[in-house]
Amino acid sequence: MSDLGKKLASIAFDELGADYLLAMREEHGNVAPVMLARGQDPGEIRLDVPYQLVNILSNIYPWLKDGKVAVVTRRCDEKALEEFFKRELFDPRRILKIGLACSKEQVAKCRCSDPVPAKTHIGEPQKAMEKDELSEKLMAMPPEERLRFWAYQFKKCNKCFACTLTCPVCFCDECILEEKTFVPEPGIPPGMSFHLIRAYHLADKCIECGECERSCPAEIPLLTLRKLLAKDVKEIFGFAPGDRKTVSPLLTVLEEGCNEC
Amino acid sequence: MSDFNPTILAFCCNWCSYAGADLAGVSRLQMPPNVHVVRVMCSASVKGEYILKAISQGVDGVLVLGCHIGDCHYMTGNHRTAKRIPVVQKLLKDVGFDERRVRLDWVSAAEGEKFQRVITEFVEEIKGLGPNPVREVMS
């Protein structure tokens, strides 16, 4: 039993009083998510591999009849969980959070502007990155050049749907991207509408975890596109996702102007 | 660019703007023939996806017309539209389209002349912007 596994298990089962622990574990040289019950050997727990465990949790949650689950959560997982709580998909009393502060390298990789969880159990809190170089470079370009850049990127897409499958906040029952009205079935690359519709769908709920970018086999800078739109939504409405108390501005009415209702 | 004839999609809400368009037609107001009118029950039923699909398939401009704020047949339908369209515009701007290609305006059933004015202005604006670059860059 490794030290890290022991420490994590003691936090989850003794400190927080959980029944299960969801974390990443290394087995035979591969790292995969694992669900541990109380008393099981945690093995080689790995915390340096970024993965949205909330995504795994959303898959197994319907089968979990009872018991509390402790999840290793970075700040982005935490925000994703808030989005789940907001939509009442999870019971907040059954999910316990083990706060993990990202390492400096990880923060740099995600260009993360909000890396510190509400309560840190493991890791040293790091400073946030103020800016995303690529998005600044893009916005300084003339629009035609920017369009050419994105067209080149979108043409690399082979429509594998990895970005939607790994996305923690993609929880529609029926995916609009699988409807041929919006994205025609034959044809790779799928064209611009695929990416634009996906970006628009995530406008009020993307928590900028970067999982889409990490999982993309064509290495399209999807996180940059999300960051650009998140900045716009923040500018227009002053809204940022990741808080269960706030309501998406796209679902509310205007404050001024309506005298009759 | 005088020979460029833009293709423009106009989503008109059933209760105000479509009636406004009807009035403009009945009053024989002259306007450019580039506009394809799509009748929808409410401007809020125009999903962002429709606009994004239209633009990414090469439509030169999209107009969304609804009732004035406060006059919506469904009380607060057009509030949603008013919040949705800026996000779509910003997204288009982020990937390099001109955000003026999408426009939201309010036309009531009595405003045939405003309908004519909006259409004429929008067509002129799109003529100034030139054809939608998506066909060229995605081919």
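Me: What is a salt bridge, and how many does the rule find across the interface of chain A and chain B?
Reply: A salt bridge is a side-chain nitrogen of Lys or Arg within 4 Å of a carboxyl oxygen of Asp or Glu. This model is predicted, and across the interface of chain A and chain B the rule finds one such bridge.

Me: Which side chains meet in the salt bridge?
Reply: B:Glu136 and A:Arg148 do, with 2.9 Å from N to O.

Me: Which elements of chain A give two or more residues to the side that touches chain B?
Reply: They are helix H6 (143-155), helix H8 (192-201) and helix H10 (222-237) of chain A. The largest share, eight residues, comes from H6(A). By kind, the residues on this side of chain A divide into 27 nonpolar, six polar and six charged.

Me: How many residues does the contact take from each chain?
Reply: Chain A gives 39 residues and chain B gives 33 residues. About 3,400 Å² is buried between the two chains, and carbon and sulfur atoms give 70% of that area. The rule also finds 12 residue pairs in polar contact across this interface, both residues at pLDDT 80 or more.

Me: Now one residue. Is B:Asp105 buried or exposed?
Reply: Buried means under 20% relative accessible area. B:Asp105 has 16%, so B:Asp105 is buried.

Me: Where is B:Asp105 placed, and which residues is B:Asp105 in contact with, leaving aside neighbours within four places in sequence?
Reply: B:Asp105 lies in strand E4 (residues 102-106) of chain B. With those neighbours left aside, B:Asp105 is in contact with B:Val64, B:Leu65, B:Gly66, B:Lys114 and B:Val118.

Technical notes. Residues are numbered from 1 along each chain as its sequence is written. Chains are lettered from A and ligands numbered from 1 in the order in which they are written. Side-chain values use heavy atoms; hydrogens and water are left out. Buried means under 20% relative accessible area, exposed over 50%, partly exposed in between (1.4 Å probe, protein chains only). Contact means heavy atoms within 4.5 Å. Buried area is the accessible area (1.4 Å probe) that two parts lose on being put together, summed over both. A polar contact is a pair of N or O atoms within 3.5 Å; within protein, one must be able to donate a hydrogen and the other to accept it, and residues adjacent in sequence count only if both atoms are side-chain atoms. Ala, Val, Leu, Ile, Met, Phe, Trp, Tyr, Cys and Pro count as nonpolar, Asp, Glu, Lys and Arg as charged, and the others, Gly among them, as polar.
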